[in-house]
Amino acid sequence: MKKGIHTEYYKDVKVQCVCGAEFTVNATVPGPIKVETCYQCHPVFNKDRVVKKVVKWRMEKFLEKQSKIDAMKK
């Protein structure tokens, strides 16, 4: 690697979530990092089925719009 062109790499940077969880990561930003959702409180990582239903609903809505557009083109 060339010297002087890469950002500084910090090890063991603390990440603090709104839910109260704290963990450490390696990052190019000096800590502490504050986030709104983490792997402990995000519904996708917690196997929450509500999010899957919402995604399915969005996809169904999108396909419905596409079918209307296709019908208008014909």
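This is a short talk on the sheet, the cysteines and the one salt bridge in this structure.

Okay, hi everyone. One thing up front: this is a predicted model.

Let's begin with the sheet. It's an open one with three strands, in the order β2-β1-β3, and the pairing is mixed. The edges belong to β2, residues 22-27, and β3, residues 33-35; each has a single partner strand, so one side of each has no neighbour in the sheet. On average, neighbouring strands here are turned by 35 degrees against each other, if you ignore direction. If you want to look at one pairing, take β1, residues 10-17: β1 runs parallel with β3, over three bridges. Look for Gln16, whose bridge partner in β3 is Lys34.

Now, the cysteines. How many disulfides does a search of the whole structure find? Zero. Cys38 is in no disulfide, and its nearest cysteine sulfur, on Cys17, sits 3.6 Å away. To count as a disulfide here, the two sulfurs would have to be within 2.5 Å. Are these cysteines buried or exposed? Cys17 is buried, at 9% relative accessible area, and Cys38 is buried too, at 6%.

Last bit: charges. Side chains of opposite charge can pair when their charged atoms come close. The whole-structure search turns up one salt bridge, and that's between the side chains of Lys68 and Glu64, at 3.8 Å from N to O. Why do those two line up? They're four residues apart in helix α1, residues 49-73, so about one helical turn separates Lys68 from Glu64. As for Glu64, it's partly exposed, with a relative accessible area of 45%.

That's me done, thanks.

Technical notes. Residues numbered from 1 in each chain as written. Predicted model: local features only at pLDDT ≥ 70, side-chain atom pairs only at ≥ 80, totals over all residues. Heavy atoms only, no water. Buried < 20%, exposed > 50% of the residue type's maximum accessible area, 1.4 Å probe, protein only. Salt bridge = Lys/Arg side-chain N within 4 Å of Asp/Glu carboxyl O. Helix = DSSP H or I, 4+ residues; strand = E, 2+ residues; numbered from the N terminus. Pairing = 2+ DSSP bridges. Axes fitted to C-alpha atoms, helices over the stretch in contact; angles between N-to-C directions.
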